[in-house]
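Open the model in your viewer and keep the selection tool at hand. The tour goes from core to cysteines to a histidine.

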Amino acid sequence: MPGKAAEAWPRDGVARRICASIRERIASGLLGPGAPLPSTRALAAEWGVSRTTVTAAYDQLIAEGYLETRQGTRARVAPRLGPMPTVPEPKPSGPEPPDPPGQPGRLSAYGRRLEEFDLPPPREDRGMIADFRYGDLAAADFPRLAWRRALVAALLRRPRRLRYGDPRGSPALRDALRGYLWRARGLRCEPDQIVVVNGSQQGLDLCARLLLDPGDRAVMEDPGYNLARQVFLAAGAEVIPTAVDRAGMATEALPGARLAYVTPSHQFPLGGVMPAGRRRELLAWARRTGAHVVEDDYDSEYRFDIAPIPPLQALDEAGRVIYLGTVSKTLSPGLRLGYLVLPASLSAVFAKAKRLTDRHSPGLEQEALAGMIESGAYERHVRRVRRRNGERRAALLAALSDHLGSAVKVVGAEAGLHLVAWLPHVPAAAEDALVAQARAAGLGLYPVTPLYAPSPPAATIWQGW
């Protein structure tokens with residue numbers, strides 16, 4: 001049963017102030033090691049509080065190691081507690097001089113590389129009439145009722161004991177994903193080859209950390225996904241930009257590298273689809289060089305003219321392809337649920353890395369998603385949002401044609417949730433002014449210039465719908 005001092009502590013701000021005062025006096029040297037403190041009665045009279053309050057403060061300082069006490073004696077400052085030591089002057093000799101006083105500690109090589117990166121600033125969308133930022137989804141499209149039913153069902157299935165889960169992800173979700181990927185993408189795998197991650201970005205980070213050493217080469221589409229480029233650069237890799245055309249990344253003359261990152265089903269951001277010939281060339285290159293290919297299949301559910309293109313992984317017989325999928329484009333980017341389908345030889349080490357990173361992704365959301373997939377609700381939802389986004393796509397294309405006509409050339413509109421509008425008559429130097437004018441009118445337009453390694457030839461506007 002707690003005593004009066006323990007009862008007084010949570011309610012009494014005076015006890016906290018007494019603690020702070022005593023700590024300050026110890027740190028400044030006014031109270032040295034072994035120095036006695038006033039009795040609880042004397043200090044209570046000095047502060048004008050009850051002895052219970054002072055006792056609570058002393059008990060807290062004893063628990064923190066500032067004070068010591070023995071039966072029948074007054075509290076004393078603990079041994080080896082004196083004034084805070086001053087930082088010595090750095091010595092000029094030695095290979096690594098210490099950091100200057102008052103400065104943050106030295107960052108690792110990874111931290112120093114990261115410090116140099118210019119990541120996109122936090123978004124500001126207040127006052128926008130229409131924001132075409134890629135990656136946003138219509139909130140009305142989220143399947144609230146189906147998701148709520150799945151969450152409730154997952155809560156009711158909770159085991160009696162709450163514990164850490166499998167770092168690879170919920171067994172139920174991995175089994176459900178195996179069936180879904182076969183039905184939707186023609187991809188064959190075993191549940192042990194799947195690792196559930198916190199969105200595709202964590203999947204990319206795991207690939208970079210496990211497959212790239214500083215100085216290694218990584219081949220990447222140009223233009224391409226900028227945060228993938230930053231992940232590889234942060235790992236210390238040399239990123240080799242490779243030109244993109246209507247058929248995706250050019251594969252006929254790839255240099256030697258440890259890794260290639262591609263979006264073959266819907267090239268990001270220009271929208272090309274890699275044909276069978278180039279896919280086979282890429283896989284042959286990976287076998288010949290010993291490289292791995294990271295296939296980012298970020299929005300394959302949104303194919304509006306024909307059935308979704310089969311993934312590169314379905315052609316891989318040598319175990320060189322890592323397939324990266326996500327529900328950020330079908331359900332919500334806020335759920336942070338993605339998955340890697342790994343060659344069997346890599347599944348164990350990726351599971352270890354995932355465990356060291358964050359143990360595992362949130363369990364309740366995984367169980368809810370598994371329930372939606374197993375019940376068929378997820379695929380019904382995908383069909384519904386594909387139809388809705390097809391209608392939005394048609395409306396946007398009609399508006400661009402009606403209002404801009406031949407002044408705009410649209411590419412990448414056959415699939416996915418974005419397109420690129422080339423403005424051949426607008427010089428690249430006017431791009432920033434054009435974006436600023438649109439923003440002043442309440443319209444969010446986003447250039448693809450940052451997605452190129454060199455600058456693109458003309459002003460471009462990148463739009464989602």
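This is a predicted model. Start with the largest nonpolar core, which has 27 residues. Select Leu-331, Tyr-339, Val-341, Leu-369, Met-372, Ile-373 and Tyr-378: these touch the most other members. Now colour the elements that each supply at least two residues of this core. The helices are H6 (144–156), H7 (171–185), H12 (363–375) and H13 (377–404). The strands are E4 (194–197) and E11 (338–341).

Zoom in on Tyr-339. Which residues is Tyr-339 in contact with, leaving aside neighbours within four places in sequence? Leu-177, Tyr-180 and Leu-181 are among them. So are Ile-194, Val-195, Val-196 and Val-197. Tyr-323, Leu-324, Gly-325 and Thr-326 complete the list.

Next, move to another core, which lies apart from the largest one and has 26 residues. Select Cys-207, Ala-228, Ala-235 and Tyr-261, which are among its members.

Stay on Cys-207. It is buried, because its relative accessible area of 1% is under the 20% cut-off. Then pick Cys-189, also buried, with a relative accessible area of 8%. How many disulfides does a search of the whole structure find? Zero.

Finish at His-381, in helix H13. Is His-381 buried or exposed? It is buried, with a relative accessible area of 0%. Show its side chain and the backbone oxygen of Thr-330: the side chain reaches that oxygen at 2.6 Å. Add Asp-141, Pro-143 and Leu-331 to the view; His-381 touches these as well as Thr-330, not counting residues up to four places away in sequence. Leu-331 leads back to the largest nonpolar core, where it is one of the residues that touch the most other members.

Terms used: Residues are numbered from 1 along each chain as its sequence is written. This is a predicted model: local features need pLDDT of at least 70, side-chain atom pairs count only at pLDDT 80 or more; totals for chains, interfaces and linings use all residues. Side-chain values use heavy atoms; hydrogens and water are left out. A nonpolar core is a set of buried Ala, Val, Leu, Ile, Met, Phe, Trp, Tyr and Cys residues joined through side-chain atoms within 4.5 Å. Buried means under 20% relative accessible area, exposed over 50%, partly exposed in between (1.4 Å probe, protein chains only). Helices (H or I, at least four residues) and strands (E, at least two) are DSSP runs, numbered from the N terminus. Contact means heavy atoms within 4.5 Å. A disulfide is a pair of cysteine sulfur atoms within 2.5 Å. A polar contact is a pair of N or O atoms within 3.5 Å; within protein, one must be able to donate a hydrogen and the other to accept it, and residues adjacent in sequence count only if both atoms are side-chain atoms.
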